[in-house]
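Biologist: Could you walk me through this one slowly? I would like to learn how the words we use get their meaning.

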2 protein chains.
Amino acid sequence: MVLSLGMMRAMSDAPRTARAVARAELTRAILDSATQQLAEVGPAALSVRAVARDLGMASSAVYRYFASRDDLLTALLVEAYDDLGAAVEEADAAVTDRDDVAARWRATAGAVHDWARAHPHRYALTYGSPVPGYAAPQDTVEPATRAPRVLLQLLADALAAGRGVRDLGGRVDPAEVAATGPISAVTEPPLPPEATVRALAVWATLFGHVSLELFGHMNNAVLDYDTHFATVVDLAAYDLGLA
Amino acid sequence: MVLSLGMMRAMSDAPRTARAVARAELTRAILDSATQQLAEVGPAALSVRAVARDLGMASSAVYRYFASRDDLLTALLVEAYDDLGAAVEEADAAVTDRDDVAARWRATAGAVHDWARAHPHRYALTYGSPVPGYAAPQDTVEPATRAPRVLLQLLADALAAGRGVRDLGGRVDPAEVAATGPISAVTEPPLPPEATVRALAVWATLFGHVSLELFGHMNNAVLDYDTHFATVVDLAAYDLGLA
DNA sequence: CACAAACTGTGAGCACTGCTCTCGTTTCGT
DNA sequence: ACGAAACGAGAGCAGTGCTCACAGTTTGTG
């Protein structure tokens, strides 16, 4: 039986039989080899046969673990989301003064930037162009929400402390409140719609910047990415009402 | 001789011999077939052999026109940039009241959004993840600047009319002025550094939003993309000092 | 006009890919 | 202990990008 991603996780908790533990180890080895290949040759050139060669097994055996090359890529995708999410959560948690929401935002944004530059191919896998007609499996949505959740929560904390955007000069109409409804509810307490909208726009700015930088669209416009990124993050902090 | 992209353009101006015009026509036919394939199966699955089959020729013959599959994709890339650039320029030019810079910005942003949704695969080709280790050929940079140039120019026009962001509360330091220097000089007159920085941030917001929307990262957050996009664009207009 | 050089299309072929299927072996649950 | 499930190996299919030698055509020039 070819395991789903959800089963992979449940399995890693309690590998009972010898076969199950062997399976878990080999699954891990395949993912590690694939991750390495991903970093070396990129997603397009990732080859099941090369992974099999690397592990000294027949290519057909790999299909006992991942039903297709796309399934393997999806597993890497989930791991990448989780890795990024963990990096962002750690960066935010590392800010000792929890009331310094501006610092928490800078740490969050910096973590995204740093992670993306450290793992460009994994970033491309997650936030680049998906395989056309590709619908992200349900397994990917929860890990994908970890990073943005940090931003939303720190904004909620800011609002609780009397800072942060509360209104946008009447620029958010009822239809927009409905349109962004689902995302407002992920924090405790829920964000006001205006704050949610600003947060989404800032999120788009952050990933837009990282994508434009990593994908080479700023080569002739910006000479020093670090300086420019810091400025953009500061602007976003201002827009979010944190600074 | 396999033609470069630059030669392709020069050639299409003055096809003298019968052979040259046949070559131009077949080059065009290959590009058209490839564009159609691109829309149907996406960039990853675009196949030289399939294009050849579509045109009823041997696959090896295609290589007389494009040295490799990547070269063919690069040609499609350049055409996509040009197409998007033209759409944006037309949308801006269609605003009869040239002093209504907010309307021009909405038209510009809307053109990007509309074009991307009409040609998702071509958008992915231009603003999605590039082939890893891929350095955009010099042929692509000029067409790629057409769209952002519209934003920069309309902001310059706004400033000339007494509107638009002039300073950002001292948030732009000298290093940043140097970092974004090259881009400030593309308008006439040149933009103040603060305006350039804001424009770049807004540009990142725009493409960040379109990418997140098209690549499926907002599926569980936003219910109505049109409404949300309009709000984000309005926010950007406010940030740019246009509204 | 003649002719060599350049160009163009063909088909065979190489190395590679994702994936399937069958086969024998090993391990598991009962 | 035994049947079922899982496993790994190898052959094989259909497809890919790309190269090459070959044949035919067009071109600009002597």
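Modeller: Gladly; this is a predicted model, and we can talk about DNA strand C and then a helix of chain B.

Biologist: What makes the pair between Ser60(B) and a base oxygen of DNA strand C a polar contact?

Modeller: A polar side-chain atom of Ser60(B) lies 2.7 Å from that base oxygen. The cut-off for a pair of N or O atoms is within 3.5 Å, so this is a polar contact.

Biologist: How do you know that Leu46(A) and Ser47(A) make polar contacts with the strand too?

Modeller: A backbone N or O atom of Leu46(A) is 3.4 Å from a phosphate oxygen of DNA strand C. For Ser47(A), a side-chain N or O atom lies 3.3 Å from a phosphate oxygen. Both values are within 3.5 Å, so both pairs count.

Biologist: Which kinds of residue form the surface near DNA strand C?

Modeller: That surface has 10 nonpolar, 6 polar and 9 charged residues. Among the residues that come nearest are Arg49(A) and Arg64(B).

Biologist: Now the helix. Why are Val48(B), Ala50(B), Val51(B) and Ala52(B) of α3(B) called buried?

Modeller: They are called buried because each has under 20% relative accessible area. Their cover includes α2, α4 and α5 of chain B.

Biologist: What caps the N-terminal end of α3(B)?

Modeller: Ser47(B) does, with a side-chain oxygen 3.2 Å from the backbone nitrogen of Arg49(B). After the helix comes Gly56(B), with a positive phi near 70 degrees.

Conventions
Residues are numbered from 1 along each chain as its sequence is written. Chains are lettered from A and ligands numbered from 1 in the order in which they are written. This is a predicted model: local features need pLDDT of at least 70, side-chain atom pairs count only at pLDDT 80 or more; totals for chains, interfaces and linings use all residues. Side-chain values use heavy atoms; hydrogens and water are left out. A residue is near a molecule or strand if one of its heavy atoms lies within 4 Å of it. A polar contact is a pair of N or O atoms within 3.5 Å; within protein, one must be able to donate a hydrogen and the other to accept it, and residues adjacent in sequence count only if both atoms are side-chain atoms. Ala, Val, Leu, Ile, Met, Phe, Trp, Tyr, Cys and Pro count as nonpolar, Asp, Glu, Lys and Arg as charged, and the others, Gly among them, as polar. Buried means under 20% relative accessible area, exposed over 50%, partly exposed in between (1.4 Å probe, protein chains only). Helices (H or I, at least four residues) and strands (E, at least two) are DSSP runs, numbered from the N terminus. Contact means heavy atoms within 4.5 Å.
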